[in-house]
Amino acid sequence: MNWDHKIFFKINGLAGKNKFLDNFSSFGGRWMIFIMAGCFALSIFWNIAETIQSFIYFSFLPLLWLVGWLFNSLIGKIVKRKRPYLAYPDKVKSLFKPLLGEWKSLPSDHAMVSIFILALALPLSIKLLPFFIFMALWVSWGRVYGGVHYPGDILAGWITSVLVM
């Protein structure tokens, strides 16, 4: 078993043992990305006075997401890595299913977008930086804990976001 699978099974092995941790991780893995996007939008409108500047700055996130998603999709088609709960249905405790399908695991779109949001939020407010870092890590933790990604998928998503930016 490689490092990726070993770490995955250690983390996912915690699932089902603590209701609070299950709920915390599941919420982070499924919904925190949307909350991050909302917080990012609010921070833009708080920090940038002119409407045109706000619109231009906010438009970078969907553009980055589209380019990143296309890049991730290409990698997914080439690598064809199954999600953990599909590869090991008897071993993996799956807390939720992906919202947009099961066709790829590598790289993680959620991890990619969380780093896009984090990077775009950086110039807006250094005070909010720890908050955005926490949310990005929560998203990534939840995806592994919930059984839908290996740690390597998360790392690949982070790398994809850096390459696309």
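How many aromatic pairs does a search of the whole structure find? In this predicted model, the search returns eleven aromatic pairs. One of them is formed by W65 and W69, whose rings are stacked, with 6.0 Å centre to centre and 20 degrees between the planes. The two residues are four positions apart in helix α4, so about one helical turn separates W65 from W69. W65 counts as partly exposed, because its relative accessibility is 36% and the partly exposed class runs between 20% and 50%. W69 falls in the partly exposed class as well, at 32% relative accessibility. Ring pairs also link F20, F24, F27, F134 and W138 into a cluster.

A further aromatic residue, W103, has lysine side chains placed against its ring. K77 lies over the face of W103, at 5.0 Å from the ring centre. The charged end of K104 also sits over the ring of W103, 6.0 Å from its centre.

W65 appears again in the description of the largest pocket, which holds about 560 Å³ of space. The lining of this pocket consists of 22 residues, and W65, L100, D109, H110 and V113 are those that lie nearest the pocket centre. Helices α3 (32-47), α4 (51-79) and α6 (109-121) each supply at least two residues of the lining. The most is given by α4, which contributes five residues. Sorted by class, the lining has 13 nonpolar residues, five polar residues and four charged residues.

Two features of the backbone were also noted, both in loops. Most residues other than glycine have a negative phi, and most peptide bonds are trans. The bond that joins L106 and P107 is a cis peptide bond, with omega at about -15 degrees. P107 is found in the loop between α5 (84-87) and α6. K80 has a positive phi, near 55 degrees, although this residue is not glycine. The position of K80 is in the loop between α4 and α5. K80 has a relative accessible area of 64%, and it is therefore classed as exposed, as the value is over 50%.

Methods. Residues numbered from 1 in each chain as written. Predicted model: local features only at pLDDT ≥ 70, side-chain atom pairs only at ≥ 80, totals over all residues. Heavy atoms only, no water. 1 Å grid on protein atoms, 1.4 Å probe; cavity = no way out; pocket = protein on both sides within 12 Å on 5 of 7 lines; lining within 4 Å. Points joined across faces, edges and corners; volume = space filled by probe spheres on them. Nonpolar A, V, L, I, M, F, W, Y, C, P; charged D, E, K, R; others polar. Buried < 20%, exposed > 50% of the residue type's maximum accessible area, 1.4 Å probe, protein only. Phe/Tyr/Trp six-rings, centres within 6.5 Å; stacked < 30°, edge-to-face > 60°. Lys NZ or Arg CZ within 6 Å of the ring centre and 35° of its normal.
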